[in-house]
Amino acid sequence: MVSVDHFRQELRAQMGRATARGAIDVLVSSGELHRSLGQYLGSAHGLPSCCEAMQAEIKPSDILLVEKTNGAGMTVRYLLPRGAA
């Protein structure tokens, strides 16, 4: 199973690629982030770890579009560039 750190690294990489393209934001769903690391949804999936990583990266200026409820995952609009952590 992929750890929270793996998801967080991939999320930051996606943000970095979007920033390099000149994007002002990036829309990330937990399902897409989960699949980007080769994780497929099933009974023993790592979606909670994925959501935990996404939640940890949320800053006050970001927008939570879909909350993680009932195991459905989440979607966040992260504003770019991220600036200093």
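Among contacts between residues at least 6 apart in the sequence of the protein chain, 54% join residues at least 24 apart. The model is predicted, and the tour below goes from the whole chain to single side chains.

**Whole chain.** Start with a cartoon view of the protein chain, which shows three helices and three strands. Following the chain from the N terminus, the elements come in the order α-β-α-α-β-β. Switch to a surface view next: the accessible surface comes to about 5100 Å², and carbon and sulfur atoms account for 54% of this area. Of the 85 residues in the protein chain, 36% are buried.

**Helix α3.** Select residues 47-57, which form helix α3. Which residues of α3 are buried? They are Leu47, Ser49, Cys50, Cys51, Ala53, Met54 and Glu57. Show the surroundings of these side chains: the buried residues of α3 pack against α1, β1, α2 (30-36) and β3.

**From α3 to α1.** Keep Glu57 selected and add Arg8. The two form a salt bridge, with the closest N and O atoms 2.4 Å apart. Arg8 belongs to helix α1 (residues 4-20) and Glu57 to helix α3, so this pair ties together parts that lie 49 residues apart in sequence. The two ends of the bridge can be compared by their accessibility. Glu57 has 8% relative accessibility and counts as buried, because the cut-off for buried is under 20%. Arg8, with a relative accessible area of 26%, is partly exposed.

**Within α1.** Now select Glu10 and Arg17. Their side chains meet in a salt bridge, at 3.3 Å from N to O. Is Glu10 buried or exposed? At 16% relative accessibility, Glu10 counts as buried, while Arg17, at 43%, counts as partly exposed.

**From β1 to β3.** Move on to Asp25 and Arg77. Here the closest N and O atoms are 2.4 Å apart, and the pair forms a salt bridge. Asp25 sits in strand β1 (residues 25-29) and Arg77 in strand β3 (residues 75-79), so the salt bridge ties together parts 52 residues apart in sequence. Asp25 is partly exposed, at a relative accessible area of 26%. Arg77 is also at 26% relative accessibility and counts as partly exposed.

**The network.** Return to Arg8 and Glu57 and add Arg12 to the selection. Salt bridges with shared partners join Arg8, Arg12 and Glu57 into one network. How many salt bridges does the count come to? The count is five; among them are Arg8 with Glu57, Glu10 with Arg17, and Asp25 with Arg77.

**The nonpolar patch.** Clear the selection, return to the surface view and pick Leu27, Ile63, Leu65 and Val66. These residues make a nonpolar surface patch of about 340 Å². Which element supplies the largest share of the nonpolar patch? Strand β2 (residues 63-66) does, with three residues. End on Leu65, which has its place in strand β2. Leu65 is partly exposed, with a relative accessible area of 48%.

Note on methods:
Residues are numbered from 1 along each chain as its sequence is written. This is a predicted model: local features need pLDDT of at least 70, side-chain atom pairs count only at pLDDT 80 or more; totals for chains, interfaces and linings use all residues. Side-chain values use heavy atoms; hydrogens and water are left out. A salt bridge is a side-chain nitrogen of Lys or Arg within 4 Å of a carboxyl oxygen of Asp or Glu. Helices (H or I, at least four residues) and strands (E, at least two) are DSSP runs, numbered from the N terminus. Buried means under 20% relative accessible area, exposed over 50%, partly exposed in between (1.4 Å probe, protein chains only). Patches are made of residues with over 30% relative accessible area and no salt bridge: like charges are joined within 9 Å, nonpolar side chains (Val, Leu, Ile, Met, Phe, Trp, Tyr) within 5 Å. Accessible areas come from the Shrake-Rupley method with a 1.4 Å probe; for residues, only the protein chains shown count as cover. Contact means heavy atoms within 4.5 Å.
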